[in-house]
Amino acid sequence: MKKQPVATRKKGRFKLISSDSFEHRGTSYPVNCTRTSDSPLSTEILSRNIDELLAMQESYARVFAFRFDLHVPSGMTPEESNKCVSELFEKLRDKFKAKGWDNQPIKTFAYGWVFEIGGKTEFPHYHLWIAVPGSQVQAVYPAAGVYGIIKNLWSELANGKGYLPDNAGYMITRDDKSVLKEFVYRISYVAKEKGKYSQSNKTKRYGGSRLHGKNLNNVTNGAKVIHPNG
């Protein structure tokens, strides 16, 4: 991929870039954007998602990650849907405590989400990703497994539907950065500024797990570096 010049600007406290690559902790990651794109990417969302994936890699030699969407029913406010997303991951954590994942619980997982209006649909929706131990989960099963649980929980909590794109799953190994970069490129789409919306201080336009900085070493350039302040 030909490297493009980087165009940067700030919107509020968020720094935005228009480039096909993003430098983070000494590594260059390809991202789904160009200098001429009408929707630059938020460096804050990109950095946070990458840091969460690196934190997972520090704990597990293999990490399985995938992308998915959740649709918000008509009439539900952003504040209400934000609450449902928070409850979804709380309930998912409870599901992971059961010893049904290779005969043991899933102790650690990472995830990220953004709230968006626009794009292919004018209706509010969430773009999300999740990463779990690769020794316990090896594939996306549309009707079962992690995604099946998420889809059912979203239906119960928000009466909403889920969407799983084609080829959504990636097995990321600690000693191979190529797949990590492929997944970062895939989820870089969720960091685009266009369509992001916040109704008030009570609503969020993005969120996720907070593994980074919680006594976890992060991997950069093959070395282990502790970032106590996150």
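Start by selecting Phe89, Phe96, Trp101, Phe109 and Tyr111, which together form one aromatic cluster. The model on screen is predicted.

**The whole chain**

Now colour the protein chain by secondary structure: four helices and 13 strands should appear. Of its 230 residues, 49% are buried. Switch to a surface view, and the protein chain exposes about 11,800 Å², of which carbon and sulfur atoms supply 48%. For contacts, take those in the protein chain between residues at least 6 apart in sequence; 69% of them join residues at least 24 apart.

**Aromatic pairs**

Return to the aromatic side chains. How many aromatic pairs does the count come to? The count is twelve, with ring centres required to lie within 6.5 Å. A pair of aromatic rings is described by the distance of the centres and the angle of the planes.

Select tryptophan 113 and tyrosine 126. Their rings are 5.5 Å apart centre to centre with 75° between the planes, an edge-to-face aromatic pair. Tryptophan 113 belongs to strand S7 (residues 110-118) and tyrosine 126 to strand S8 (residues 121-133), so the pair ties together parts 13 residues apart in sequence. Are these two residues buried or exposed? Both tryptophan 113 and tyrosine 126 are buried.

Keep tyrosine 126 selected and add tryptophan 154. Here the ring centres of tyrosine 126 and tryptophan 154 are 6.1 Å apart and the planes stand at 75°; because angles over 60 degrees count as edge-to-face, this pair is edge-to-face. It links distant parts of the chain, with tyrosine 126 in strand S8 and tryptophan 154 in helix H3, 28 residues apart. Tryptophan 154, like tyrosine 126, is buried.

**Helix H3**

From tryptophan 154, extend the selection to helix H3, residues 145-158. This helix has 14 residues and reaches 20 Å from its first C-alpha to its last, close to the 20 Å expected at 1.5 Å a residue. Which residues of H3 are buried? They are Val146, Tyr147, Gly148, Ile150, Leu153, Trp154 and Ala158. When looking down the axis, recall that an α-helix has 3.6 residues a turn, so residues three or four places apart point the same way. Then step to asparagine 159, which follows H3 and has a positive phi, near 55°.

**Helix H1**

Finish with helix H1, residues 43-59. H1 has 17 residues and reaches 25 Å between its first and last C-alpha, close to the 24 Å expected at 1.5 Å a residue. Show the surrounding chain as well: 15 of the 17 residues of H1 are buried, so this helix is largely enclosed by the rest of the structure.

Methods. Residues numbered from 1 in each chain as written. Predicted model: local features only at pLDDT ≥ 70, side-chain atom pairs only at ≥ 80, totals over all residues. Heavy atoms only, no water. Helix = DSSP H or I, 4+ residues; strand = E, 2+ residues; numbered from the N terminus. Expected span 1.5 Å × (residues − 1). Buried < 20%, exposed > 50% of the residue type's maximum accessible area, 1.4 Å probe, protein only. Phe/Tyr/Trp six-rings, centres within 6.5 Å; stacked < 30°, edge-to-face > 60°. Contact = heavy atoms within 4.5 Å. Areas by Shrake-Rupley, 256 points an atom, 1.4 Å probe, with all protein chains shown as cover.
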